[in-house]
Amino acid sequence: MRTAARLAIAAAIVAAPGTARAWNASGHRIVARIAWDELTRAQQVFASELLVRHPRFAEDFAARMPPEIAARPADDAQRQQWVFMHAAIWPDLLKGENKQLTEKIAALPAGAEKAELERRLANVKRHDNPTWHYDNKPIHIDPYALPAIAPPATRPVGVQQALPNALRELDDRGLPVERRAVALAWVLHLVGDSHQPLHTVALFSSRHLPQGDLGGNAFIVRLPGAPGATPTRLHAVWDDMLGDDPKTERAAKSRIVAANPRRSLKPELTASDGAGGVEAMVNLWLDESFRAADASVYDARLRSALLAPLAAGATSPFPIALDRRYLQAARAVAMRRAALAGYRLADCIARAESRR
């Protein structure tokens with residue numbers, strides 16, 4: 001999201017009483033922090049010792065470690081916590097490195113430097129799976145907005161398949177430890193993604209979004225309190241709901257847990273305790289996120305704006321203005337989803353540790 005849009009979100013949320021910014025990198029780290037604080041010390045050590053065996057630990061973890069963290073012993077709890085939270089953003093780092101290397105390679109002539117970058121890119125692509133982060137189940141807001149469904153054989157693997165597979169690999173003691181470390185990093189990330197409502201839906205409008213809005217990425221909005229701000233994507237607004245400042249992540253985590261303690265979410269946590277198998281468990285999480293998107297992300301006012309006749313001379317309803325009331329309600333939904341993600345992530349790791 002552009003700087004102006006971030007500032008606009010910040011201004012709007014600050015202006016709404018009792019609100020705080022609520023899955024960018026900070027969002028994923030906050031979910032991981034919730035999980036970390038739920039784990040016993042033995043469970044924390046189990047996860048940490050697995051992650052240091054990650055095949056890309058040197059370049060993607062150690063090389064990015066702040067000096068004050070790198071100076072700590074390998075068994076230091078604060079260093080282990082940093083590795084754990086960093087693993088939650090590792091799949092997104094791969095996407096960025098893939099893009100950067102591809103652009104550099106395209107600009108270079110044949111030679112040793114280009115060959116080395118191509119080697120590095122091939123290694124990144126072994127682990128980068130961009131379709132794993134979402135599964136866009138359709139919502140159509142009028143009778144003619146019926147999405148074309150891809151045949152199963154051509155549909156890419158999404159989070160509905162990828163997360164159960166990662167959970168199984170994490171539990172499989174017959175697999176090489178490096179592969180299980182990669183699986184744990186994906187579990188840390190995808191549990192977060194599966195709880196972000198706009199990672200589970202695509203809204204279709206026969207007139208304005210006939211190909212769907214790609215999880216809010218094609219749904220353009222304008223934020224309140226910033227008349228000259230650049231319009232932004234609805235997906236980006238929700239991705240930033242947990243904040244984007246590493247310095248405030250600890251406080252954000254505390255607010256989320258205080259507003260949504262584990263005991264208050266016991267029915268949801270009990271319903272998805274994994275007893276019915278990992279597929280059923282993940283399907284329940286995705287269904288929750290879908291229903292949150294259906295009811296809260298695409299609320300009645302946003303739907304009405306798509307269905308209403310266009311103003312004279314207008315060719316599109318976009319950008320659609322969001323108000324502070326929308327952002328305040330969205331923040332409450334996002335905080336609840338993040339709390340559930342953190343508690344469920346901790347439960348997944350606890351189950352894996354108990355089986356070793």
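Where in the chain does L214 lie?

1. In this predicted model, L214 is placed in the loop between β2 (201–204) and β3 (220–222). Its backbone deserves a look, since L214 has a positive phi of about 55° although it is not a glycine. The residue is also exposed, with a relative accessible area of 52%, a value that counts as exposed because the cut-off for that class is over 50%.

2. Beyond that loop, β3 takes part in an open sheet of three strands, which has the order β4-β3-β5 and mixed pairing. The edge strands of this sheet are β4 (232–233) and β5, each of which pairs on one side only. Between β3 and β4, which run antiparallel, there are two bridges, and I220 is found opposite R233 in β4.

3. A second backbone feature concerns the peptide bond from F318 to P319, which is modelled as cis, with omega near -5°. P319 belongs to the loop between α15 (300–307) and β5 (320–321), and β5 is one of the two edge strands named above.

4. Among the helices, α9 (residues 159–171) contains 13 residues and spans 18 Å from its first C-alpha to its last, which is close to the 18 Å expected at 1.5 Å a residue. The buried residues in α9 are V159, A162, L163, P164, A166, L167 and L170. In an α-helix, residues three or four places apart point the same way, because there are 3.6 residues a turn. The cover over the buried residues of α9 includes α3 (41–51), α10 (177–194), α14 (278–297) and α16 (324–354).

Methods
Residues numbered from 1 in each chain as written. Predicted model: local features only at pLDDT ≥ 70, side-chain atom pairs only at ≥ 80, totals over all residues. Heavy atoms only, no water. Helix = DSSP H or I, 4+ residues; strand = E, 2+ residues; numbered from the N terminus. Expected span 1.5 Å × (residues − 1). Buried < 20%, exposed > 50% of the residue type's maximum accessible area, 1.4 Å probe, protein only. Contact = heavy atoms within 4.5 Å. Pairing = 2+ DSSP bridges.
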